[in-house]
Amino acid sequence: MHPISDHHFIGGELWRSSSNARIEVLNPSSGLVLGEIPDGDITDIDHAITSAVAAGPGWADRSPRERSTVLVNLANLLRVHAEELARLDSMDSGRTLAETRAQVSRSAEQLEYCAAVADKLEGRVVPLNSGFSASTMLEPYGVIGALTPWNAPLLQITQKTSHAIAAGNTVVVKPSPLACFSTLHYGMLAQEAGLPAGVLSIVMGGADTGQALVQDERIAKVTFTGSVKTGRHIAGVCGARGASVALELGGKCPLLIFADCDLEGAAVDTARASFGTTGQSCVSAARILVEASVYDDFLQLLKSETGKYIGGDPLHEETVMGPMISAAARDHVVSLLEDAISVGAQVAGGEWPPHSQQEGGFFMNPVLLEDVPETARIKREEIFGPVTCIERFDDEEAGVLSANTGFFGLAAGAYTTNASRVRRLQRNLHAGNVWINCYKMLDPALPFGGDKASGIGRECGIDGILNFVKPKSLVEAIRTN
Ligand code: NAD
């Protein structure tokens, strides 16, 4: 499967942009151009929204089971094209084949989950006084505007569209220009699966294209996944025109290691949680909090695991970690490290200064920091790269207090064998997702999302699909004659 260059997907077909502006998309493993996308303008956005508006009533009127059939067909087509889609995402986003294969599979499961839930969006009978019959029905919003990040191209578009389409909405997606080619294939496969023209359109482009989408009055709801900065800006645009918005934003996730756990197993999982996806995951473990009595032992184990993460070609089967997405992303992480070291942070493991910048690619091997002062930017800001900070805590109360510090609240993890502590941690950790003795356990049936600055609303699970319907109240006076 080759990247489809230079097109949008609008109204059921590949569509040439009305604008001449183009964005080059680089292969992060080589720094070479993988393809070109149009930088969509207001005319492209208008065309996509117009076709979404036109397709809306017909799609909403289809029976939920008919909508489910299309989603199941699409899931099957993703499986048929799994290897090609995985390779495309690996070339485009730099994620290893193991990761992108898992994401294609997860995308198919996501579609099947939403297909199974579509006919269960039931209203309620509401008891009023005996003179009235009252009930609610769940209605789709209309046209959804969806903005996705680059770090899981196929899975992100699947997550953004599967709930909304199952619930009877139509969707216009604007993917990240950094990695977006699989989204065009997804659009074409959706068409092949039987999705009517206009129910899903994909407009390529950068921030201005996204801005044109979210400010259009015909977009009833915006669903956004990306950085806190962009998310807050988009929430402002939506708020100003009274449109609903759901945000999946960044994180700075703590992982607590208690003295009673299997330290060796926890070290393996911690390295994967921190450096898997080259640390470019919203739920990457960015703060490792270790009970003081086992700090030195755990640090040795983690140092040894960290050394196993070496950047390589994501298309090679044995590669455990790909490159970063861009030179700018790598420079940002390097600048956070330089700042931390300049105020006293110590490099406890990994590779610093970075010297494994393979020719052309945006590679960077992991760095483990300790004794990071409060004044370091890395203490507060999302890293989004293969760097983690390790620190001690004295007891459970202090560990939880430290884990809950900061303005993110996306996910938190802990390793412990104390059953009572598990219950306390589940209640006391302030995050949308809490994993105990495992990390990054995600499933289409589990709601996913962030507290505090990490987001508004949830994706996946029943809660994810309820994000894309609104209850309408129906009241009828009962006549006495
Ligand atoms: P980003 O905020 O730079 O971009 C996200 C999307 O918004 C892209 O499509 C981009 O083109 C678009 N955009 C940028 N400026 C815009 C504007 N002014 N108006 C409209 N659209 C605009 O994020 P990114 O660098 O692509 O992704 C990395 C971020 O995403 C990290 O912060 C990561 O934590 C977060 N993320 C969160 C989740 C989650 O589920 N919580 C999942 C993956 C990534």
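These notebook entries record what I looked up in a predicted model.

**Entry: salt bridges**

I searched the whole structure for salt bridges and obtained 25. I then went through individual pairs.

I began with Asp119, which forms a salt bridge with Lys120. The closest N and O atoms of this pair lie 2.7 Å apart. I looked up the accessibility of both residues. Asp119 has a relative accessible area of 29% and is partly exposed. Lys120 stands at 52% and counts as exposed, because the class begins over 50%.

Next I turned to Glu139, which is paired with Lys470 in one salt bridge and with Lys472 in another. For Lys470 and Glu139 I noted 3.9 Å between the closest N and O atoms. Lys470 belongs to strand E22 and Glu139 to strand E6 (residues 132–140), so this contact ties together parts of the chain that are 331 residues apart in sequence. For Glu139 and Lys472 I noted 2.8 Å between the closest N and O atoms. This pair also links distant parts of the chain, with Glu139 in strand E6 and Lys472 in strand E22, 333 residues apart.

Is Glu139 buried or exposed? I found a relative accessibility of 19% for Glu139, so the residue counts as buried, the limit being under 20%. Lys470, at 30%, is partly exposed. Lys472, at 36%, is partly exposed.

I also recorded a network of salt bridges that links Glu83, Arg87, Arg101 and Glu317.

**Entry: a nonpolar surface patch**

I looked for nonpolar side chains on the surface and noted a patch formed by Leu128, Phe132 and Val475. Together these residues have about 280 Å² of accessible area. I placed Val475 in strand E22, which spans residues 469–477. Val475 has a relative accessibility of 54% and counts as exposed. Strand E22 thus appears twice in my notes, here with Val475 and earlier with Lys472.

**Entry: the second largest pocket**

I computed a volume of about 310 Å³ for the second largest pocket. Which residues lie nearest its centre? I listed Arg287, Lys379, Ser402, Thr405 and Gly406, out of a lining of 24 residues. By class, the lining comprises ten nonpolar, seven polar and seven charged residues. I then asked which elements supply the lining. At least two residues each come from strand E12 (253–257), helix H12 (396–403), strand E17 (408–409) and strand E18 (411–415).

**Entry: cavities**

Rolling a probe the size of a water molecule over the atoms shows where empty space is left. I counted three cavities of 30 Å³ or more.

The largest cavity has a volume of about 60 Å³. I found 13 residues in its lining, with Gly251, Ser284, Ala286, Ile383 and Phe384 nearest the centre. That lining divides into six nonpolar, five polar and two charged residues.

The second largest cavity has a volume of about 40 Å³. I listed its lining as Ser93, Gly94, Arg95, Thr96, Glu99, Thr277, Thr278, Gln280, Gly322 and Pro323. This set holds one nonpolar, seven polar and two charged residues.

**Entry: backbone geometry**

I returned to Thr277, which is among the residues lining the second largest cavity. Its phi is positive, about 60°, although Thr277 is not a glycine. I located Thr277 in the loop between helix H9 (263–275) and strand E13 (285–291). With a relative accessibility of 7%, Thr277 counts as buried.

Lys440 likewise has a positive phi, near 55°, and is a residue other than glycine. I placed Lys440 in the loop between strand E19 (433–436) and strand E20 (451–452). At 33% relative accessibility, Lys440 counts as partly exposed.

I then looked up peptide bonds. Trp352 and Pro353 are joined by a cis peptide bond, with omega at about -5°. Pro353 sits in the loop between strand E14 (346–350) and strand E15 (367–370).

**Entry: Ser90**

Finally, I examined Ser90, which is in helix H3 (residues 82–93). Ser90 has a relative accessible area of 0% and is buried. How far apart are Ser90 and Ser29 in space? I noted 9.3 Å from C-alpha to C-alpha, with their positions 61 residues apart in sequence.

Notes: Residues are numbered from 1 along each chain as its sequence is written. This is a predicted model: local features need pLDDT of at least 70, side-chain atom pairs count only at pLDDT 80 or more; totals for chains, interfaces and linings use all residues. Side-chain values use heavy atoms; hydrogens and water are left out. Patches are made of residues with over 30% relative accessible area and no salt bridge: like charges are joined within 9 Å, nonpolar side chains (Val, Leu, Ile, Met, Phe, Trp, Tyr) within 5 Å. Accessible areas come from the Shrake-Rupley method with a 1.4 Å probe; for residues, only the protein chains shown count as cover. A salt bridge is a side-chain nitrogen of Lys or Arg within 4 Å of a carboxyl oxygen of Asp or Glu. Helices (H or I, at least four residues) and strands (E, at least two) are DSSP runs, numbered from the N terminus. Buried means under 20% relative accessible area, exposed over 50%, partly exposed in between (1.4 Å probe, protein chains only). On a 1 Å grid over the protein atoms alone, a cavity is a set of points where a 1.4 Å probe fits but cannot get out, and a pocket is an open set with protein on both sides within 12 Å along at least five of seven lines; lining residues have an atom within 4 Å of a point. Grid points are joined across faces, edges and corners, and a volume is the space filled by probe spheres set on the points. Ala, Val, Leu, Ile, Met, Phe, Trp, Tyr, Cys and Pro count as nonpolar, Asp, Glu, Lys and Arg as charged, and the others, Gly among them, as polar.
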